[in-house]
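Open the model in a viewer and switch on side chains. The stops below follow the aromatic rings.

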Amino acid sequence: MDCFELSSESPYELLLKVAFLIPISHYFLGSLFLLSVFLYNFIEMYFIQELFTGFRGKPVSLTFNSCCDLYQEVVSKCKTLNGRFSSTPWLCSPHLQTAFLQFFGRAPACSYRRQIFQLSDGGTIALDWLRNIDVKKPSIERFDGVQSDDKSPIVLVIPGLTSDSDSAYIKHLAFKMAKRGWNVVVSNHRGLGGVSVTSDCFYNAGWTEDARRVIDHLHTQYPQAPLFTVGLSIGANVLVKYLGEEGANTAIVGAAAICSPWDLLVSI
């Protein structure tokens with residue numbers, strides 16, 4: 001029977017010797033693979049999933065009550081909500097899409113007309129208007145603001161965290177809505193849009209008083225114009241909370257909350 005000579009070296013020393021036998025290039029490739037897996041999950045990419053489906057996208061997933069009037073009047077007639085979502089193959093990540101829009105979005109030129117709105121606590125909000133007439137016929141002589149008897153629908157846009165009327169996605173939304181005949185007003189949060197903070201109160205996801213005051217002001221100034229509201233990101237959170245607080249008493253005819261953060265602790 002063969003006899004094996006036992007080594008007096010500890011197992012850790014043997015493992016260390018074996019580790020030094022592995023080429024450095026293998027360590028580099030292994031580290032690169034782990035980094036790729038980390039980044040793939042960190043920026044929430046779904047390229048591999050899209051690859052397996054042939055980049056045909058996935059059906060839009062909706063949570064709704066099929067018996068409610070909203071579904072019958074809106075969702076059932078909206079082809080986009082009943083179709084499939086497929087993003088650009090090399091932008092298979094919500095973070096990459098956001099970054100691409102910010103740097104390469106080619107936002108349309110929006111000639112806003114600014115209205116400074118003073119709040120009762122001394123706060124200041126900049127309301128930036130983009131009228132439909134400015135988009136359709138920018139060469140005609142302009143008048144200040146929107147006429148009080150104007151019956152064109154007004155859409156109030158509440159931007160996301162740190163966003164204002166100059167953000168690319170806000171400009172795209174405002175321009176397209178104005179081009180369709182709407183008067184658009186972007187309600188910049190306190191301290192944003194180039195306006196200084198003039199009170200000891202700042203905005204947050206749970207603060208609905210600013211939105212309430214702006215909505216009441218618009219409804220009072222333009223009583224014949226249907227008032228709609230669109231909230232985006234943290235602005236959507238503010239809008240939904242406001243609607244829950246006001247209920248049927250709100251002056252808003254219709255509202256849309258886009259990319260609302262459901263769990264603020266997780267989203268931060």
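**Aromatic pairs**

This is a predicted model, and a search of the whole structure gives seven aromatic pairs. Select phenylalanine 38 and phenylalanine 42 to begin: their ring centres are 5.6 Å apart and their planes meet at 20°, so this pair is stacked. The cut-off behind that label is an angle under 30 degrees.

Now show the backbone around these two rings. Both residues belong to helix α2 (residues 24-42). They are four residues apart, about one turn of the helix.

Colour by accessibility next. Phenylalanine 42 has a relative accessible area of 57%, so this residue is exposed, given that exposed means over 50%.

Move on to phenylalanine 202 and tyrosine 203. Their ring centres lie 4.8 Å apart with the planes at 45°, so the pair is tilted. Which of the classes buried, partly exposed and exposed applies to each partner? Phenylalanine 202 is partly exposed, with a relative accessible area of 43%, whereas tyrosine 203 is buried at 11%. The limit for buried is under 20% relative accessible area.

**A cluster and a patch**

Select Trp90, Phe100 and Phe104 together; these residues form one aromatic cluster.

For the last stop, go back to helix α2, where phenylalanine 38 is placed, and turn on the surface. Select Phe28, Leu29, Leu32, Leu35, Phe38, Leu39 and Phe42: together they make a nonpolar surface patch of about 750 Å². The stacked partners from the opening stop, phenylalanine 38 and phenylalanine 42, are among the residues of this patch.

Definitions and conventions
Residues are numbered from 1 along each chain as its sequence is written. This is a predicted model: local features need pLDDT of at least 70, side-chain atom pairs count only at pLDDT 80 or more; totals for chains, interfaces and linings use all residues. Side-chain values use heavy atoms; hydrogens and water are left out. Rings of Phe, Tyr and Trp (its six-membered ring) pair if their centres lie within 6.5 Å; planes under 30 degrees apart count as stacked, over 60 as edge-to-face and the rest as tilted. Helices (H or I, at least four residues) and strands (E, at least two) are DSSP runs, numbered from the N terminus. Buried means under 20% relative accessible area, exposed over 50%, partly exposed in between (1.4 Å probe, protein chains only). Patches are made of residues with over 30% relative accessible area and no salt bridge: like charges are joined within 9 Å, nonpolar side chains (Val, Leu, Ile, Met, Phe, Trp, Tyr) within 5 Å. Accessible areas come from the Shrake-Rupley method with a 1.4 Å probe; for residues, only the protein chains shown count as cover. A salt bridge is a side-chain nitrogen of Lys or Arg within 4 Å of a carboxyl oxygen of Asp or Glu.
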